[in-house]
Amino acid sequence: MSAFSSLDHQFMGRAIVLARRGLYTTDPNPRVGCVLVRDGEIVGEGYHIRAGEGHAEVNALRVAGDNARGATAYVTLEPCSHFGRTPPCADTLIEAGIRRMVCAMVDPNPAVAGKGLDKLRAAGIEVASGLMEREARALNPGFIKRMERGLPLVRIKLASSVDGRTAMASGESQWITGPQARSDVQRLRARSSAIVTGIDSLLIDDSSLTVRADELGLEQAEQIAARQPLRVVLDTDLRMPVDAKILCQPGRTLVVTRSRDEEKAGALQGAGAEVMVQAGEGRIDLHTLLAHLAKQEQCNELLVECGATLAGAFVSTGLVDELIQYMAPKLLGSSARPLLELPLERMAQQVPLALADIRHLGADLRLDWHVLETDGNQEH
């Protein structure tokens with residue numbers, strides 16, 4: 001790895017800040033930032049805003065104009081080398097006459113990794129990579145996992161009392177947490193490719209599972225909410241009513257079932273749902289579903305909002321990367337519903353977690369847990 005100067009770190013840090021601006025809008029593409037520097041001064045900068053539009057490099061070059069010639073480009077992800085919805089950014093940078101390329105990380109897609117950098121080297125451009133790679137990877141955990149492993153990143157959202165309860169025995173749960181925590185959940189939804197729930201939760205709450213602009217608490221909330229994540233309902237026996245609130249919302253709703261009842265499926269399709277029948281018997285195969293969502297729907301990050309049974313199934317099958325727990329300063333009592341249905345019997349079965357972040361949201365706490373890999377939990 002080449003030695004990087006303090007200025008290199010400064011300009012790459014700026015590129016990472018720019019990339020974060022695309023947190024809610026680039027899906028299914030990665031979040032990428034670019035800074036162009038000549039003679040120690042920034043002459044152009046940009047970030048990828050949304051799929052189908054200019055990549056970060058193109059946006060930065062547009063600002064720089066002729067000043068890009070002889071400049072150093074700092075990019076958070078290796079410039080693409082293939083034609084997609086837009087031309088290859090590597091070619092565009094070569095044509096602009098940049099002198100040096102510093103990228104934080106290579107493309108995680110094994111089919112294209114390194115080819116953009118190779119193209120730049122072949123054109124006589126000095127290339128260095130690996131600067132602030134950890135920070136760059138943190139921008140796109142779902143995209144990276146999808147490219148490397150063919151699965152999306154899975155987060156489970158949990159709202160609980162201090163004693164780990166999520167609802168009263170009757171199922172009543174609104175509201176455990178306060179408005180600031182609920183607004184934060186809206187931002188989790190907005191960054192996600194899809195929101196997954198189970199039919200039991202849907203029948204109890206009749207939830208919409210949408211991103212609501214008035215609760216986001218963000219600039220350009222209306223534009224962000226215009227991209228609604230795919231809603232995925234696991235409904236083994238097709239119990240969803242045709243008048244469910246979720247079917248009346250903007251965006252797509254995918255119902256995943258084992259049922260072969262064509263009449264029920266047709267009624268749901270008539271109400272606006274898409275129905276996917278998964279082969280086999282019993283419960284929905286979660287790994288097969290996630291692989292489908294990654295490949296066919298290009299899902300990078302999934303947010304699972306469900307009850308204790310489905311949440312426990314995700315954890316027990318080793319498919320969860322993160323648990324986002326909103327803890328309210330309340331006690332709901334021992335008869336209330338638990339956080340997870342996870343019937344472990346031996347200490348050897350325990351699921352180890354690492355606390356990655358903790359913050360206050362009004363009176364509530366948000367705790368970000370990363371699920372650690374163990375010999376019996378190899379999906380992480």
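The exercises below, each with a worked solution, concern a predicted model.

**Exercise 1. An aromatic pair**

Task: Determine how many aromatic pairs a search of the whole structure finds, and work out whether the rings of F11 and Y74 are stacked, edge-to-face or tilted.

Solution: Begin with the count, since a search of the whole structure finds 1 aromatic pair. Next take the geometry: the ring centres of F11 and Y74 lie 5.5 Å apart, and their planes stand at 45°. Planes under 30 degrees apart would count as stacked and those over 60 as edge-to-face, so this pair, with its planes at 45°, is tilted. Then locate the two partners along the chain, where F11 belongs to helix α1 (residues 6-20) and Y74 to strand β3 (residues 72-75), so that the pair links distant parts of the chain, 63 residues apart. Finally, consider accessibility, for which buried means under 20% relative accessible area: F11 has 5% and is therefore buried, and Y74 has 4% and is therefore buried.

**Exercise 2. Two helices in contact**

Task: Decide whether helix α3 is roughly parallel or roughly antiparallel to helix α4, and find which residues make the contact.

Solution: Start from the axes of α3 (residues 89-96) and α4 (residues 115-122), which come within 9 Å and cross at roughly 20°. Because angles under 35 degrees count as roughly parallel, α3 is roughly parallel to α4. The crossing of these two helices, α3 and α4, is right-handed. On the side of α3, the contact is made by A90, D91, L93 and I94, and on the side of α4 by G116, K119 and L120. Sorted by character, the residues of this contact between α3 and α4 are 4 nonpolar, 1 polar and 2 charged.

**Exercise 3. Backbone exceptions**

Task: Establish whether the peptide bond from D27 to P28 is cis or trans, and find whether L209 and Q298 are buried, partly exposed or exposed.

Solution: As background, most residues other than glycine have a negative phi, and most peptide bonds are trans. The bond from D27 to P28, however, has omega near 5° and is cis, and P28 is found in the loop between α1 and β1 (33-38). Turning to phi, L209 has a positive value of about 55° although it is not a glycine, and its place is in the loop between α8 (199-205) and α9 (213-216). With a relative accessible area of 3%, L209 is buried. Q298 likewise has a positive phi of about 55° without being a glycine, and Q298 sits in the loop between α12 (286-296) and β12 (301-304). Its relative accessible area is 38%, so Q298 is partly exposed.

How values were computed:
Residues are numbered from 1 along each chain as its sequence is written. This is a predicted model: local features need pLDDT of at least 70, side-chain atom pairs count only at pLDDT 80 or more; totals for chains, interfaces and linings use all residues. Side-chain values use heavy atoms; hydrogens and water are left out. Rings of Phe, Tyr and Trp (its six-membered ring) pair if their centres lie within 6.5 Å; planes under 30 degrees apart count as stacked, over 60 as edge-to-face and the rest as tilted. Buried means under 20% relative accessible area, exposed over 50%, partly exposed in between (1.4 Å probe, protein chains only). Axes are lines fitted to C-alpha atoms, for helices over the stretch in contact, and angles run from 0 to 180 degrees between N-to-C directions. Helices (H or I, at least four residues) and strands (E, at least two) are DSSP runs, numbered from the N terminus. Angles under 35 degrees count as roughly parallel, over 145 as roughly antiparallel, 65 to 115 as roughly perpendicular and the rest as oblique. A crossing is left-handed if the near helix is turned anticlockwise from the far one by less than a right angle, and right-handed if clockwise. Contact means heavy atoms within 4.5 Å. Ala, Val, Leu, Ile, Met, Phe, Trp, Tyr, Cys and Pro count as nonpolar, Asp, Glu, Lys and Arg as charged, and the others, Gly among them, as polar.
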